[in-house]
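Here are a few notes to read alongside the model. Take them in order, with the structure open next to you.

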Amino acid sequence: MTAKPMDNESEPIILSDETLMQQLRDGQAHAGQMLAARYALMLLRYLRSQVGSEHLAEELHQQTWISVLEHIDRFDPKSSPGGFKAWLFRIATNKAHDHWRSSGREKSAMTGIGLITDTAAPEAEQRLEGTEEMMKLRRAIDSLPENQKQVVMLKYYSGLKFVEIAEVIGCPLNTALGRMHKAVARLRQIMQEQPRQMTR
Amino acid sequence: MEHGKKIMSDESLLVAYAAGEVEGEELTQFEARLASDASLKQQATALSDDYAQLMNGLAAMDKRYRVDERRSLQQVDALLQQWEQEQAEAPAPISIQSWRPPRWAYAAAAMVALFVGFCYWWANNPPDNQVAETPTTEPTQEVAADNQNAPNSDNNLDAGPAPMPLAFEDNSSENSDRISALEQDVVALSNDQVSAKNSSNDIDQ
């Protein structure tokens, strides 16, 4: 992971996630700000895909960082192959699960991963740009079982390797790969009902 | 695959291959299988295409949704500032580790406990030679008790009960004399009692 250049622009200092975490553990908030900036976009989009609302995604993003600060002493880079990124996404995934549990499964069943709720709907101008294929893909993803959907979303948004995703969701590597295989097969089946391909 | 994890099934291997996560010897072996197995090769190609289409579709879908990264970062920054302030204001936590004695202290404490225990035992169990030199108090105690049990006897001992000798005092000769005198007194007393009993029997008869 490349880090942002610090004070001296001629000699950018590359700080790893683990170094920044150590600094944050020592009470240096600026290290946390750098980490937050590093992962904010992908984490927000991931949470957005999970809860279907920009507002909720921001709230869960904040809660994720509250958990990071509360459990900062528990982070052990040696025991986590995915490092800080995998740890962060695991916390975010747990927050999303907590949200699902608190909001009720019926709502989740209605909205799937939240991509077609009112709050999740794109802006009017964006909606015009939406293609039929995209809507079909969205519905296809909605129809996936929760555990398969989770692997698909984690893979896309976090960019973690499957071995790291398996660690995030707490399952064996082959289970995570199997879920992805089933998800791809299911999506192919749904998309083939229509002759046109997925949006490029 | 990294981290020493082994992919067991072909399905899992195909997904990992499509995602570009099969590496090293495992990749070499799998590509050799693909070269020799047309069916597997076909599956791998199809899955790789579907996987790529899924990722492209998600990317296109994701672009349409706006997330306010800046606002979220401002919220997290405020959170971090507050946390830093709390950390600075909070008293330094007393580490449990600092209160833990070093390991050698446990061994030292155990040795001290053993030493104290030995001293206690030694004080209550002196060596044999010291016991041998110490005059026994049992006869003296018995004699004294006999004297106390017969306070109204006609042959009451004027001297009264003999003072108890202290244990471990080295006055064995004095005690021996005293014991001899007491034994003689006891014998005399017994004789007196026997004669007194005989005389009373004679009167009764």
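**Notes on the two chains**

1. Let's start with helix H7 of chain A and its neighbours. The buried residues of H7(A) are covered by, among others, helix H8 (146–158) and helix H10 (173–192) of chain A, along with H3 of chain B. Keep in mind that this is a predicted model.

2. Which residues of H7(A) are buried? H7(A) runs over residues 132–142, and the buried ones there are A:Leu137, A:Ala140 and A:Ile141. Looking down the axis of H7(A), you'll find these buried residues within an arc of 95°, so they line one face of the helix. The spacing fits a general rule: an α-helix has 3.6 residues a turn, so residues three or four places apart point the same way.

3. Now step back to chain A as a whole. Chain A has 10 helices and 0 strands, so to speak a plain α-α-α-α-α-α-α-α-α-α when read along the sequence. Of its 200 residues, 40% are buried. As for contacts in chain A with a separation of 6 or more, 65% are between residues 24 or more positions apart.

4. Next, the place where the chains touch. How many residues does each chain bring to the contact? Chain A gives 44 residues and chain B gives 45. On the chain B side, helix H1 (10–18), helix H3 (38–63) and helix H4 (69–89) each supply at least two residues. H4(B) has the largest share of that side, with 14 residues. By type, the side of chain B that touches chain A has 22 nonpolar, 13 charged and 10 polar residues.

5. Two of those chain B helices also pack against each other. The axes of H1(B) and H3(B) are 9 Å apart, and the helices pack at an angle of about 50°. Angles between 35 and 65 degrees count as oblique, and H1(B) and H3(B) are therefore oblique to each other. Their crossing is right-handed.

6. Which residues make the contact of H1(B) with H3(B)? From H1(B) come B:Asp10, B:Leu14, B:Val15, B:Tyr17 and B:Ala18. They meet B:Leu40, B:Gln43, B:Ala44, B:Leu47, B:Ser48 and B:Tyr51 of H3(B). Sorted by type, the residues of this contact are 8 nonpolar, 2 polar and 1 charged.

7. One last pointer, back to where we began: H3 of chain B is worth finding in the viewer, as H3(B) packs with H1(B) and is also among the elements that cover the buried residues of H7(A).

Notes. Residues are numbered from 1 along each chain as its sequence is written. Chains are lettered from A and ligands numbered from 1 in the order in which they are written. This is a predicted model: local features need pLDDT of at least 70, side-chain atom pairs count only at pLDDT 80 or more; totals for chains, interfaces and linings use all residues. Helices (H or I, at least four residues) and strands (E, at least two) are DSSP runs, numbered from the N terminus. A residue is buried if 20 or more other C-beta atoms lie within 10 Å of its own, exposed if 12 or fewer, and partly exposed in between; C-beta atoms are placed from the backbone. Two residues are in contact if their C-beta atoms, placed from the backbone, lie within 7 Å. Ala, Val, Leu, Ile, Met, Phe, Trp, Tyr, Cys and Pro count as nonpolar, Asp, Glu, Lys and Arg as charged, and the others, Gly among them, as polar. The arc is that of the directions from the helix axis to the C-beta atoms. Axes are lines fitted to C-alpha atoms, for helices over the stretch in contact, and angles run from 0 to 180 degrees between N-to-C directions. Angles under 35 degrees count as roughly parallel, over 145 as roughly antiparallel, 65 to 115 as roughly perpendicular and the rest as oblique. A crossing is left-handed if the near helix is turned anticlockwise from the far one by less than a right angle, and right-handed if clockwise.
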